[in-house]
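Morning, everyone. Please bring the model up on your screens, and keep the sequence beside it.

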Amino acid sequence: SELILSSIDIDASGDWECLVKNSYGNSTKQVEIVVLETAAPYCPAERIINNKGDFRWPKTLAGITAYHPCLQYSFNSVAFHNGAEEAKAWRKCNRTGRWEEENYSECPYSQEITQVLHAFSQMHINLTTVLEFSRQLTAYTRGASLFADKMDVIYLAYIMEKLIVFVDEVEDIGDALIEIASNIMLVDDHVLWMAQKEDKACTRIVRCVEQIAGQILTSKTQVISKVSCNIALEAFMIKPSSFTGMTCTAYQKISANSDKSGTPDLGRWEANHNPDLYLNFKCNTGNLDGSL
């Protein structure tokens with residue numbers, strides 16, 4: 001069956017209901033009708049590739065919001081749905097025929113690493129769970145050389161800010177934060193730069209490392225020393241009245257049978273956790289005349 005509407009104008013746009021009656025009963029069908037002017041503008045068809053996937057938006061009438069189903073991935077462990085509705089991305093085509101506002105927040109990330117780090121960031125942490133949480137995150141970030149999305153680093157900065165509040169209550173959290181920050185330094189420089197530009201993520205990570213000293217140093221604990229492959233932290237309680245200067249040296253032991261290139265094999269370090277490959281940082285108050 002078909003319904004033909006003739007001699008209509010723009011005012012006919014709206015929700016229409018068709019009612020059919022016959023000996024078998026009644027049937028109704030609702031449909032939204034949009035009457036277009038001959039010169040109505042359109043937004044052009046466009047392909048958008050982002051960290052949620054590859055979206056192909058069709059040619060869309062000006063003033064209309066277009067919807068696109070979220071892409072599904074084989075590694076999805078969480079259903080990204082609101083109730084029974086299918087999760088969708090959307091874009092608005094403005095009245096002049098230009099794409100403007102858009103939203104992909106309901107869709108899962110296309111990379112499994114980013115999905116996992118997002119899941120870490122959503123977990124509730126308390127005194128009972130924080131130690132195991134930090135151990136799992138430390139282990140996961142040992143593969144940070146594979147992190148390729150700026151959101152990976154942004155989520156890690158957010159998680160570290162959640163962990164820092166537990167440093168003075170759970171002894172091993174400071175060590176975990178140092179190692180996580182060290183692992184993040186394996187991420188490609190351009191990815192770190194994008195995370196810094198987007199959300200000051202690198203600055204926030206450095207601040208978390210700096211805050212470890214302020215959280216731990218007390219009248220009872222006046223010196224702390226924490227080392228990892230890429231970051232070393234040493235902190236002192238010093239009275240200004242007796243301070244005469246300080247000399248600090250950073251060094252890393254390299255075994256005699258190495259190629260002495262100065263660059264440790266990070267894969268071997270991850271496998272063996274060789275403490276000799278940790279970056280060490282030693283400070284001495286006053287002038288240091290002797291060698292290490």
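Let's start with Lys-150. Its relative accessible area is 26%, so Lys-150 is partly exposed. Keep in mind that this is a predicted model.

What does Lys-150 pair with? Its side chain meets that of Glu-198 in a salt bridge, at 3.1 Å from N to O. Look at where the two sit. Lys-150 is in helix H3, and Glu-198 is in helix H5, residues 189–199. They are 48 residues apart, so this pair links distant parts of the chain. Glu-198 is partly exposed too, at 49% relative accessibility.

Next pair. Glu-234 forms a salt bridge with Lys-282. The closest N and O atoms there are 3.9 Å apart. This one runs between strands: Glu-234 lies in E11, residues 232–236, and Lys-282 in E13, residues 280–285. Again, the pair links distant parts of the chain, 48 residues apart. Is Glu-234 buried or exposed? Buried: its relative accessibility is 15%, and the cut-off for buried is under 20%. Lys-282 is partly exposed, at 33%.

There is also a network. Glu-46, Arg-91 and Glu-102 are joined into one by salt bridges that share partners.

One more bridge. Arg-142 and Glu-179 meet through their side chains, 3.2 Å from N to O. Arg-142 is in the loop between helix H2 (130–140) and helix H3 (150–163), while Glu-179 is in helix H4, residues 173–184. That is 37 residues apart, another link between distant parts of the chain. Arg-142 is partly exposed at 25% relative accessibility. Glu-179 is buried, with a relative accessible area of 18%. Across the whole structure, the search finds 10 salt bridges.

Now the helices. Take H1, residues 112–122. Its buried residues include Thr-114, Gln-115, Leu-117, Phe-120 and Ser-121. What covers the buried residues of H1? The cover includes H2 and H3.

Just past that helix, find Met-123. It sits in the loop between H1 and H2. Met-123 is partly exposed, with a relative accessible area of 37%. Which residues does Met-123 touch, leaving aside neighbours within four places in sequence? Phe-133 and Lys-162. From Met-123 to Phe-133 is 10 residues in sequence, and 9.0 Å in space, C-alpha to C-alpha.

On to H6, residues 201–216. Check its length first. At 1.5 Å a residue, its 16 residues should span 22 Å. The end C-alpha atoms are 23 Å apart, which agrees. H6 does have a kink, though. It is about 25 degrees, centred on Glu-210.

Which residues of H6 are buried? Ala-201, Arg-204, Ile-205, Cys-208, Val-209, Ile-212, Ala-213 and Ile-216. Arg-204 is on that list, so do look for it. What do these buried residues pack against? Three helices, H3, H4 and H5, plus strand E10 (223–227) and E11. We met E11 earlier, as the strand that holds Glu-234.

Last stop, the surface. Leu-3, Leu-5, Ile-8, Trp-16 and Val-31 form a nonpolar patch there. Together they have about 440 Å² of accessible area. Pick out Ile-8. It lies in the segment before strand E1 (14–22). Ile-8 is partly exposed, at 43% relative accessible area.

That's the tour. Over to you.

Conventions: Residues are numbered from 1 along each chain as its sequence is written. This is a predicted model: local features need pLDDT of at least 70, side-chain atom pairs count only at pLDDT 80 or more; totals for chains, interfaces and linings use all residues. Side-chain values use heavy atoms; hydrogens and water are left out. A salt bridge is a side-chain nitrogen of Lys or Arg within 4 Å of a carboxyl oxygen of Asp or Glu. Helices (H or I, at least four residues) and strands (E, at least two) are DSSP runs, numbered from the N terminus. Buried means under 20% relative accessible area, exposed over 50%, partly exposed in between (1.4 Å probe, protein chains only). Contact means heavy atoms within 4.5 Å. The expected span of a helix is 1.5 Å times one less than its number of residues. The bend at a residue is the angle between axes fitted to the seven residues ending there and the seven starting there. Patches are made of residues with over 30% relative accessible area and no salt bridge: like charges are joined within 9 Å, nonpolar side chains (Val, Leu, Ile, Met, Phe, Trp, Tyr) within 5 Å. Accessible areas come from the Shrake-Rupley method with a 1.4 Å probe; for residues, only the protein chains shown count as cover.
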